[in-house]
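Hi,

Here is the structure I said I would pass on. Have a look at it first, and then read my notes underneath.

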Amino acid sequence: MVSDYVEDAMKNPLESLEKTIVLGLILTVILVYFVKAMA
Amino acid sequence: MDSEFLMFIVRWLHVVSAIMWIGLLWYFNFVQMPSMPKIPAEQKPAVSKVIAPAALFWFRWGAMSTIIFGLILAYLNGYLVDAIMLGGGKGAKVTAIGVGMWLGTIMWFNVWFVIWPNQKKALGIVQVSPEETAKAARTAMLFSRTNTMLSIPMSFMMVSYQNWSFM
């Protein structure tokens, strides 16, 4: 069970559609702050 | 032709091209990829030999059309160079659209120079060894997922130009 969890966690997050969307949302927030800092 | 009308036509062509491109990107990632393991082996060629090549044609030319009309639109708006320079002191809106343009450009590059060459191998349009076919399919999948991830901030930044004051 634990090894399954570790194996899953070690996978490239882009293999999961859900993780891809979460990463996209996190990147959006980071870039909003980047734009605010640049302006 | 009136310049306002020209700008409207170019913006409309940019948006409909982007719908074609990102619509098919999301079709691949939200529908086709998760469905493939559920399709019986004898039916898989319907997707890999018929549907996927047709979808990839409109996908890559949608990407090309989006970037061309997008660059023309930025030029007509007078912020092409400032946006590429991520603002150039012209305010947050121009920085935001510049970030969106860079993300879109990275995505366009991935489509034409990573996803399409690898999909040709993965789908058997170009004949390669079975090991190379599997490697190409994985590379195409990961870069397609990368573009899906980037499509979220890219569309956010593009649309936020209209309403940046709320940020």
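Before anything else, please keep in mind that this is a predicted model.

I'll start with Asp82(B), which sits in helix α3 of chain B, the stretch covering residues 80–84. Asp82(B) counts as buried because its relative accessible area is 17%, and the cut-off for buried is under 20%. If you leave out residues up to four places away in sequence, Asp82(B) touches Gly87(B), Gly88(B), Lys90(B) and Val94(B). With one of these, Lys90(B), the side chain of Asp82(B) makes a polar contact of 2.6 Å. That pair also qualifies as a salt bridge, with 2.6 Å from N to O. The two partners sit in rather unlike surroundings: Lys90(B) is exposed, at 53% relative accessibility, whereas Asp82(B) is buried.

How many salt bridges are there over all chains? The count comes to 3, so here are the other pairs, in turn.

Glu132(B) forms a salt bridge with Lys121(B), and their closest N and O atoms are 3.5 Å apart. Glu132(B) belongs to helix α5 of chain B and Lys121(B) to helix α4 (residues 92–122) of chain B, so this pair ties together parts that are 11 residues apart in sequence. Both ends are partly exposed: Glu132(B) has a relative accessibility of 36%, and Lys121(B) has 27%.

Then there is Arg138(B), which forms a salt bridge with Glu15(A), the closest N and O atoms being 2.9 Å apart. Arg138(B) lies in helix α5 of chain B, while Glu15(A) lies in the loop between α1 (2–10) and α2 of chain A, so the pair joins two chains. Arg138(B) is partly exposed at 38% relative accessibility, and Glu15(A) is partly exposed too, with a relative accessible area of 31%.

That brings me to the place where helices from the two chains meet. Two packed helices are described by the angle between their axes and the distance between the axes. Here the helices are α2 of chain A (residues 17–38) and α5 of chain B (residues 130–160), whose axes come within 8 Å and cross at roughly 35°. The crossing of α2(A) and α5(B) is right-handed.

If you want to pick out the contact yourself, the residues on the α2(A) side include Leu17(A), Thr20(A), Ile21(A), Leu27(A), Leu31(A) and Val35(A). On the α5(B) side, look for Arg145(B), Thr148(B), Met149(B), Ile152(B), Pro153(B) and Met157(B), among others. By type, the residues of this contact divide into 14 nonpolar, 4 polar and 1 charged.

One residue of that contact deserves its own paragraph. Which residues does Phe156(B) touch, leaving aside its neighbours within four places in sequence? The answer is Thr28(A), Val32(A) and Met167(B). Phe156(B) is placed in helix α5 of chain B and is partly exposed, with a relative accessible area of 32%. Phe156(B) is also 8.9 Å from Ala96(B), C-alpha to C-alpha, with their positions 60 residues apart in sequence.

If you only have a minute, go to the crossing of α2(A) and α5(B), and then to the salt bridge of Arg138(B) with Glu15(A), which joins the two chains.

Cheers

How values were computed: Residues are numbered from 1 along each chain as its sequence is written. Chains are lettered from A and ligands numbered from 1 in the order in which they are written. This is a predicted model: local features need pLDDT of at least 70, side-chain atom pairs count only at pLDDT 80 or more; totals for chains, interfaces and linings use all residues. Side-chain values use heavy atoms; hydrogens and water are left out. Axes are lines fitted to C-alpha atoms, for helices over the stretch in contact, and angles run from 0 to 180 degrees between N-to-C directions. Helices (H or I, at least four residues) and strands (E, at least two) are DSSP runs, numbered from the N terminus. A crossing is left-handed if the near helix is turned anticlockwise from the far one by less than a right angle, and right-handed if clockwise. Contact means heavy atoms within 4.5 Å. Ala, Val, Leu, Ile, Met, Phe, Trp, Tyr, Cys and Pro count as nonpolar, Asp, Glu, Lys and Arg as charged, and the others, Gly among them, as polar. A salt bridge is a side-chain nitrogen of Lys or Arg within 4 Å of a carboxyl oxygen of Asp or Glu. Buried means under 20% relative accessible area, exposed over 50%, partly exposed in between (1.4 Å probe, protein chains only). A polar contact is a pair of N or O atoms within 3.5 Å; within protein, one must be able to donate a hydrogen and the other to accept it, and residues adjacent in sequence count only if both atoms are side-chain atoms.
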